[in-house]
Amino acid sequence: MIIREPVRDRQQRIRDVLRRLEEDHDVWVATASSSGEPALVPLSFVWDGGTLLMSTRRANPTARNLTPRGRVRLSLGHTRDVVLVDGLAEAVEGRDLPSASADAFTAKLGWDPRDREPWVYLRVTPRSVKAWREENELPGRLLMRDGAWLD
């Protein structure tokens, strides 16, 4: 039997999303090639309060698909506690990433891709965020539009 949680108001959902961005380690990353071939992979990330920072091999489809459009969809959580983030991603070489960002990545995730030549950082700026648990939370699931949290 599925137990329904009470419907959260927008401010509670935003707090829950921000907590997940701070505490979670992994996110599903969905991209598509220029011919429309989808790619879905889990990547570890760190949240800096405005962007998500991940890293993958430069030759992987996820990194290749981000050029030139940069559109990406991220998913946190499971099917009964969904956070969907639509964002714009950019590839950043390790030497071009601010040290504070690279240090935060290493501190949280326990590895450092800066010196791994075939690796690149992916920095995602959220443009839209939706969150819901059950069908009763579908209304009001939009929490961010055009990069701004809704009041």
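**Exercise 1.** Work out how the residues lining the largest cavity divide into nonpolar, polar and charged.

*Solution.* Begin with the classes: Ala, Val, Leu, Ile, Met, Phe, Trp, Tyr, Cys and Pro count as nonpolar, Asp, Glu, Lys and Arg as charged, and the others, Gly among them, as polar. Next, list the lining, which consists of R8, R13, D16, V17, R20, D81, V82, V83 and A131. Sorting these residues gives four nonpolar, no polar and five charged.

This is a predicted model, in which local features need pLDDT of at least 70 and side-chain atom pairs count only at pLDDT 80 or more, while totals for chains, interfaces and linings use all residues. Residues are numbered from 1 along each chain as its sequence is written, and side-chain values use heavy atoms, with hydrogens and water left out.

**Exercise 2.** Find which element gives the most residues to this lining.

*Solution.* A cavity is a set of points, on a 1 Å grid over the protein atoms alone, where a 1.4 Å probe fits but cannot get out, and its lining residues have an atom within 4 Å of a point. Helices (H or I, at least four residues) and strands (E, at least two) are DSSP runs, numbered from the N terminus. Two or more lining residues come from each of helix 1 (10–23) and strand 5 (81–92), and helix 1 gives the most, with four residues.

**Exercise 3.** Identify the strands that pair with strand 5.

*Solution.* Pairing requires that DSSP finds at least two bridges between two strands. Strand 4 (residues 71–78) pairs with strand 5 in the antiparallel sense over eight bridges, with H78 and D81 as bridge partners. Strand 6 (residues 119–132) also runs antiparallel to strand 5, joined to it by eleven bridges.

Notes: On a 1 Å grid over the protein atoms alone, a cavity is a set of points where a 1.4 Å probe fits but cannot get out, and a pocket is an open set with protein on both sides within 12 Å along at least five of seven lines; lining residues have an atom within 4 Å of a point.
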